[in-house]
Amino acid sequence: MSKIHVTTSVNGDPTEFLCEADETLLDALRDRLGMTGSKEGCGTGDCGACSVTVDGRLVCSCLMLGAEAEGREIGTIEGMAEGDTLHPLQRKFIEHAALQCGICTPGLLVAAKSLLEKHPDPTEEEARYWLAGNLCRCTGYDKIIRAVMDAAQEMREAS
Amino acid sequence: MQYLAPTTVEEAVSALASHSGDCRILAGGTDLLVRMRSDMADPDAVVDLKRIDAMKQITPEDGGWRIGAAVSGAEMGEHADLVADWPGVVEATNLIGSTQIQGRCTMAGNLCNASPAADSVPAMVAAGAVARVVGPDGTRVVPVEEIPTAPGRTSLEKGELVDAIILPERGARGGDAYLRFIPRTEMDIAVVGCGVSLTLDDDGTCTAARVALGAVAPTVIVVPEAADALIGTKVDDAALDALSAACSAAAKPIDDKRGTVDFRVHVAGVLAKRAAVIAKKRAGGAA
C-alpha cells in the first residue's frame, strides 16, 4: 500500500510527511517529523500526554490519524517557547516544581496554554476540570494547578 | 487500510456501500481509534466524515436543530442558542471524556458506538431526537432509541450512516436535563445515567415528558411509566416519588465492576428525580 502524502502546518511552519493510512498523528509527529515532544502514555485518549492543537482545538494526537492533518494547523509543545524564551507556563512549571518525571509535562503545557487562550482568568475549579484529561502520576496535581494559576495571573498582568 | 475523505454525503454513502471489506465510519474517532489500537477493530477502510461541510454544521431546522454527524462536543457547548434550547442534551454530550475528547467526539458517534452507558444517548432519547440515516436507498429518519440494538450493535444496514441528529422544536416552557452517577467527578463512564425532558403549561402543569435511562439495560431505554408519572402533575413531591419508583422498576441492570444491580436500581430512581427537578426549573416551573 502506498503511503499518504500529507501537507499541513506544524507550529506555523508548512510541513509535509508521508504516512500509513492507519498511522496516528502522534506517530507521524514523532516518527516522520522527529518531533518527540508529544508523548505516548496510554494510546487510548485517557492520559493526555499526546495533547496537541488542531486548528486551535485541543485534541489527543493518538486518537487522530496523520492523514486527517491534511490542510490543518497543528500546534505542538515544540512551538511553545520562542527561541530560548520560555512561555510563562513553562517558566512557572519550573518555578513551582510542577513536574517530576516529566512525561506528562508537554501534554499538560499544551492543554494549559489552550485553557488560558480560551479562559485567561480561570477559577481553580475550571483549571482542574479543563486539565482532567491530563494524567500525572508524580505530582498529585497541586503544584501543576498552582503553576497554571500563577502563569495565568502573570499573563493577565502583562497583557 | 484505506483512508477515504469524501467531500459529499453521496460520496461517503457510495464508498461505504461499495466497499467489499470492513469499512468503518470515522467521525470523531474517539471510539474507533481506541478499538483499532486495542485490536478490537482492524478495518480495511475508514470513511472520514469531517471533510463534508454539512456534517460540521449546527443548523436551525423546523424550529429545532440539525446537528451534523461530525460536530464535536466542544462545538455544541459553544453554540449559545443550541445550549439555550437543549441544555440537557449539550451537558450530556459535554460529559463525555476530557477536554481533548470533547474536541473530537460527536453525538452521532456516541449513538452509533452503541454503548448502553453512552452519556449523550439518554438525553437525546428524552429530547425526542431523531437520527437522519442516509444510505444507498435514500434517506430515512429514525428515533434515536431505535439505532442501538445491543451493546456495540446498531440497526444500520450495510452502506448506511447517520449524517445528522435532529432535535425537535423546544417550544415555550420546556426544559431538559441529564445526570449520571460516576464514582469520581470527571473522566469516567456512567454507572447509571438519566435524561428527562418535560413541558409545562402556563399554570405549571406538566403536559408532556420523556424519560430515558442509560447503563441499566443492554441499550438505553425509554421509560413511559416515568413520563406518565409527571404528565398532568405540577411535578410535585408525589409525582417525583412516582417517577423515581417507575425508573427503579424499569431498570434491569447487570452487576459489574462499576456497580451492582441493587445500587443501579436505586440510583436510577434518585437520578430521575434530581434530573426532573432541574428540567422543571429550566422549563420555568416554580421551585
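This report describes the overall build of chain A, one helix of chain B, and an aspartate with positive phi in each of these chains.

**Chain A as a whole**

The model is predicted, and the values below should be read with that in mind. Chain A contains five helices and five strands, and these elements follow one another along the sequence in the pattern β-β-α-β-β-β-α-α-α-α. Taken along the principal axes, the C-alpha atoms of chain A fill a box of roughly 50 × 30 × 25 Å. The radius of gyration of chain A is 16 Å, which agrees with the value near 15 Å that a compact globule of 159 residues would have. Of the 159 residues in chain A, 42% are buried. Among the contacts in chain A with a separation of 6 or more, 60% are made by residues 24 or more positions apart.

**Helix 11 of chain B**

In chain B, helix 11 runs over residues 261-282 and has 22 residues. From its first C-alpha to its last, helix 11 reaches 31 Å, close to the 32 Å expected at 1.5 Å a residue. The buried residues of this helix include Val267(B), Ala268(B), Leu271(B), Ala272(B), Ala275(B), Ala276(B) and Ala279(B), and among them are also Arg264(B), Lys273(B) and Lys280(B). What covers the buried residues of helix 11 includes three strands of chain B, namely strand 11 (174-181), strand 12 (192-200) and strand 13 (206-214), together with helix 5 (87-94), helix 9 (224-230) and helix 10 (237-250) of chain B. Just after helix 11 of chain B comes Gly284(B), which takes a positive phi of about 90°.

**Two aspartates with positive phi**

Asp55(A) has a positive phi near 50° although it is a residue other than glycine, and in chain B a positive phi of about 50° is found at Asp62(B), which is not a glycine either. The table sets out where each of these residues lies and how many neighbours it has.

| Residue | Phi | Loop | C-beta neighbours inside 10 Å |
|---|---|---|---|
| Asp55(A) | near 50° | between strand 3 (51-54) and strand 4 (57-60) of chain A | 12 |
| Asp62(B) | about 50° | between strand 4 (58-61) and strand 5 (64-68) of chain B | 9 |

Is Asp55(A) buried or exposed? A residue is exposed if 12 or fewer other C-beta atoms lie within 10 Å of its own, so Asp55(A), with 12 such neighbours, counts as exposed. Asp62(B) also counts as exposed, because it has 9 C-beta neighbours inside 10 Å.

How values were computed:
Residues are numbered from 1 along each chain as its sequence is written. Chains are lettered from A and ligands numbered from 1 in the order in which they are written. This is a predicted model: local features need pLDDT of at least 70, side-chain atom pairs count only at pLDDT 80 or more; totals for chains, interfaces and linings use all residues. Helices (H or I, at least four residues) and strands (E, at least two) are DSSP runs, numbered from the N terminus. The expected span of a helix is 1.5 Å times one less than its number of residues. A residue is buried if 20 or more other C-beta atoms lie within 10 Å of its own, exposed if 12 or fewer, and partly exposed in between; C-beta atoms are placed from the backbone. Two residues are in contact if their C-beta atoms, placed from the backbone, lie within 7 Å. The radius of gyration is taken over C-alpha atoms; the globule rule is 2.2 Å times the number of residues to the power 0.38.
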